[in-house]
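Dear colleague,

Please find below the structure that I am handing over to you. My notes on it follow directly after.

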Number of protein chains: 2
Amino acid sequence: MLTIGELARATGVKVPTIRYYEKLGLIAEPTRSEGNQRRYAGPARQRLSFIRHARDLGLSLDAIRELLHLSENPDMPCAEAHVIAGAHLAATRARIAQLQRLEAELARITSACDTGTIGDCHVIHALADHSLCDGEH
Amino acid sequence: MLTIGELARATGVKVPTIRYYEKLGLIAEPTRSEGNQRRYAGPARQRLSFIRHARDLGLSLDAIRELLHLSENPDMPCAEAHVIAGAHLAATRARIAQLQRLEAELARITSACDTGTIGDCHVIHALADHSLCDGEH
DNA sequence: CCTAAATGCTCTAGTCACTATAGGTTCAAG
DNA sequence: CTTGAACCTATAGTGACTAGAGCATTTAGG
C-alpha cells in the first residue's frame, strides 16, 4: 500500500492534484489508515498514470474521464476513443498553426526596430496600429 | 462620444471585457451620461485597440500593462519593450515546439489502431503505458 | 408624448486545472 | 518519547474572461 506521497512520486502527479482528482471523481476514494490517511493499491497507480499521460498529451480532464470510462469496458467498440483522440489531434494542429502565425508576426515586429526611444519604437507602433501587420490574427 | 457597445464594435473587444479591463485599471474610467452610462472618447478607443492587438498576439495582460506604461513615455528607451516582446516570442516558439512533439505522438497513437474493441485499442493502451511512446512529453 | 426594444448598469458566480495557505494531526525513525 | 516529515481538511487565489440575475436608461417608431 502506498501513501499519497509515494503515489505522487511514482506517477509524477503532485499530492494536492491527486486529492483534487479524487474530489472530481476521476479516481476512487482509497482506503484509509487508522489515522485517516490515504492508502493506495496498485490499480490506483495505473489509473493515475493513465491520467498523467493523457494530461501530458494535452487532453482535457473531461476527455480523460470519457477515456477512463471506455477503458473500463474492454468489449465496447473503440470508435469513440478514436473520435476523442482525433478531435484533440485536430485541435492541437490548429493551435500550432495559429501560434506559427503569431510567431511570424512577433518576429517581424521585433526585428524591425532599432533600439532607440519609445517614441519611435516599432514594437509599440505595431501594437498600436494593426494595419502595420502582415496577416490575420 | 461612443457608448460601450459602439466601442466594443469598433475595437472587437466584448462589452463585459471592456468593463473587466476598466476594473483591472488597464483603461481609465470614462465619463458617464446623465443616466450613469459609460461614454468614451477617441483615446480610449486607441488604447483598447492596442490591448486587443497585443492580446491577439498572445501577450499577457501584465505584459500589456507594462507596454501601455511605456507607450505613455515616448522619451524612454525602448529596450524594455524589446525585452517583453522578445520574451513572448521565445515563449511562443517554445510552446510551438512542445505542441509539435505532442502532435507527433498523438498522430502515432491514433494511426496505429484498427477500429476494433476497447480491449485491444491502441489509443487506450498507449495512454495506459507510457513506455509505448516515442519521445518525451 | 408614450411605449417597447435594445442596450446599459452592478454584482455574483462559474470556467479550467490546478496551486497556495492556514491550522491542525499522524507517522516513522532515533 | 520526541522530533520532524508527511499527512489531513477547508478555503481562496490564479488568468482572462463569460454567464446570469435583476434592474435602469436610451432611442426609435407611432
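The notes below cover the origin of the model, its nonpolar core and the surroundings of one DNA strand.

This is a predicted model, in which local features need pLDDT of at least 70 and side-chain atom pairs count only at pLDDT 80 or more, while totals for chains, interfaces and linings use all residues. Residues are numbered from 1 along each chain as its sequence is written, chains are lettered from A and ligands numbered from 1 in the order in which they are written, and side-chain values use heavy atoms, with hydrogens and water left out.

DNA strand D has 19 residues around it, and G5(A), R19(A), R38(A), Y20(B) and Y21(B) come nearest (near: a heavy atom within 4 Å of the strand). Of the strand's atoms that come within 4 Å of the protein, 88% belong to sugar and phosphate. By class, the residues of this surface are 4 nonpolar, 9 polar and 6 charged (nonpolar: Ala, Val, Leu, Ile, Met, Phe, Trp, Tyr, Cys and Pro; charged: Asp, Glu, Lys and Arg; polar: the others, Gly among them).

Phosphate oxygens of DNA strand D lie 2.3 Å from a polar side-chain atom of R19(A) and 2.9 Å from one of R55(B). A polar backbone atom of L61(B) is 3.4 Å from a phosphate oxygen of the strand.

I18(B) is in contact (heavy atoms within 4.5 Å) with I4(B), L7(B), A8(B), V13(B), I27(B), Y40(B) and L48(B), leaving aside its neighbours within four places in sequence.

Yours sincerely

Methods:
A polar contact is a pair of N or O atoms within 3.5 Å; within protein, one must be able to donate a hydrogen and the other to accept it, and residues adjacent in sequence count only if both atoms are side-chain atoms.
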